[in-house]
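Here is a short report on one protein chain. Keep the sequence and the 3D view open as you read.

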Amino acid sequence: MYFKLQNYLIMKKILAFSSLLLLCTLFTACNNEDDIVTDGTLKTIENKALLPTSIVNDVETTYFSYDSLNRFTSIVYKSFDQPEDSYSQTITYSGDLPIQVIDSALDGSYLVTFEFIYENGNNYPSKIREISNKQDISSEKSLEINNDKLISIKRPLERYYYDLNNNLIKIDSGNDNGVTELTYDLEKQGFFRHVNLPSWFKTFIKLGANGYYCPNLPISEKENTLLVKYKWLNFQANYPTQVTISVKDFEEVDIYTSTITYKEKN
């Protein structure tokens with residue numbers, strides 16, 4: 001998929017997308033008055049539904065913006081040590097349907113537009129059109145969606161598998177790209193659970209960290225020699241406020257801790 005969890009996924013990006021969700025140390029104050037923080041301490045959030053607004057660690061920051069229906073409108077990732085990896089994603093809707101994602105580098109080095117094609121009045125797209133604005137290249141790939149779950153994308157064929165809780169547990173990208181396998185803590189709910197998007201679209205954007213948008217919190221993600229482990233800590237009202245992530249590739253191990261800020265959903 002176009003989001004980069006396929007190579008060292010961004011070790012520096014595994015936060016990128018792993019920071020793209022990396023969860024958090026303590027809720028820290030932010031400039032957004034809607035953020036649920038007071039002097040660095042989480043306000044009373046019992047029985048409240050929250051949306052992540054930023055995820056921060058020492059090497060990168062990710063910001064999430066929403067519309068009045070609690071859907072993503074933009075995601076901005078900034079890398080401090082590798083600024084050339086910084087990017088933004090802008091999402092457009094028609095009614096209830098996501099119709100376009102624009103993925104662009106903050107330094108202007110690339111811009112790719114993904115357009116979803118809906119046919120015969122269906123609520124699920126049958127195709128996706130990928131347009132590279134810098135190279136003037138366009139291609140279409142077929143999507144298979146069943147019961148709101150993304151099953152496959154033919155690019156060439158990439159298949160997705162789920163457990164009984166609808167958590168994404170396997171991505172088979174074919175012999176060349178390998179297999180990604182994920183495990184989850186089935187006792188803990190995912191922290192993006194109140195983002196109002198169809199399940200197939202959450203799988204599509206995946207944000208590098210494939211399991212972040214699933215119903216439960218991921219524990220591990222393995223792809224070839226790359227092994228990522230998540231340790232969720234400091235829960236308040238069923239929302240994790242800290243995550244420690246270890247990234248192992250061959251014998252090299254990197255460990256990150258991230259902080260997240262939430263706001264109350266509309």
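How do the residues of the lining of the second largest pocket divide into nonpolar, polar and charged? The lining has six nonpolar residues, five polar ones and four charged ones. More on this pocket follows below.

## The model as a whole

This is a predicted model. Its chain has a mean pLDDT of 80. A pLDDT of 70 or more is reached by 79% of the residues.

One stretch needs care. Over residues 1-41, pLDDT stays under 50. The model still has 175 contacts beyond four places in sequence for these residues. Where pLDDT is low, the predicted coordinates should not be read in detail.

## Overall make-up

The chain holds 266 residues, and 51% of them are buried. Its secondary structure comes to one helix and 18 strands.

Now take the contacts in the chain with a separation of 6 or more. Of these, 49% are between residues 24 or more positions apart.

## The second largest pocket

The volume of the second largest pocket is about 240 Å³. Its lining is made of 15 residues. Asn166, Ser199, Tyr213, Cys214 and Pro215 are the closest to the pocket centre.

Which element gives the largest share of the lining? Helix 1, residues 199-205, does so with three residues. Rolling a probe the size of a water molecule over the atoms shows where empty space is left.

## From strand 12 to strand 15

Start at strand 12, residues 157-162. This strand pairs with strand 13, residues 168-172, in the antiparallel sense. Four bridges link the two. One bridge pairs Tyr160 with Ile171 in strand 13. The two strands form a hairpin, with five residues between them. Asn166 sits in the turn and has a positive phi of about 70 degrees. Asn166 is also one of the residues closest to the centre of the second largest pocket.

Move on to strand 14, residues 179-189. Strand 13 and strand 14 run antiparallel and are joined by three bridges. Here Asp172 stands opposite Val179 in strand 14. Strand 14 also runs antiparallel to strand 15, residues 216-223. Seven bridges join strand 14 to strand 15. In one of them, Leu182 has Glu221 in strand 15 as its partner. In a regular strand the side chains alternate between the two faces of the sheet.

## Glu181 in strand 14

Is Glu181 buried or partly exposed? Glu181 lies in strand 14. Its relative accessible area is 46%, so Glu181 counts as partly exposed.

Leave out residues up to four places away in sequence. Glu181 then touches Ile169, Ser220, Glu221 and Lys222. Ile169 falls within strand 13, residues 168-172, while the other three fall within strand 15, residues 216-223. Leu168 is 13 residues from Glu181 along the chain. The C-alpha atoms of Leu168 and Glu181 are separated by 8.6 Å.

## Two buried residues

Ser104 lies in strand 7, residues 97-105. Ser104 counts as buried because its relative accessibility is 14%, and the cut-off for buried is under 20%. Leaving aside neighbours within four places in sequence, Ser104 is in contact with Tyr87, Ser88, Tyr110 and Leu111.

Leu226 is found in strand 16, residues 226-236. Its relative accessible area is 8%, so Leu226 is buried. Leu226 and Lys248 are 22 residues apart in sequence. In space, they are 5.7 Å apart, C-alpha to C-alpha.

## Positive phi values

Most residues other than glycine have a negative phi, and most peptide bonds are trans. Which residues here have a positive phi? Asn224 is one of them, with phi near 55 degrees. Its place is in the loop between strand 15 and strand 16.

Asn234 also has a positive phi, of about 55 degrees, although it is not a glycine. Asn234 is found in strand 16. At 40% relative accessibility, Asn234 counts as partly exposed. Asn166, in the turn of the hairpin, likewise has a positive phi.

Definitions and conventions:
Residues are numbered from 1 along each chain as its sequence is written. Side-chain values use heavy atoms; hydrogens and water are left out. Buried means under 20% relative accessible area, exposed over 50%, partly exposed in between (1.4 Å probe, protein chains only). Contact means heavy atoms within 4.5 Å. On a 1 Å grid over the protein atoms alone, a cavity is a set of points where a 1.4 Å probe fits but cannot get out, and a pocket is an open set with protein on both sides within 12 Å along at least five of seven lines; lining residues have an atom within 4 Å of a point. Grid points are joined across faces, edges and corners, and a volume is the space filled by probe spheres set on the points. Ala, Val, Leu, Ile, Met, Phe, Trp, Tyr, Cys and Pro count as nonpolar, Asp, Glu, Lys and Arg as charged, and the others, Gly among them, as polar. Two strands pair if DSSP finds at least two bridges between them. pLDDT is the predictor's confidence in each residue, from 0 to 100.
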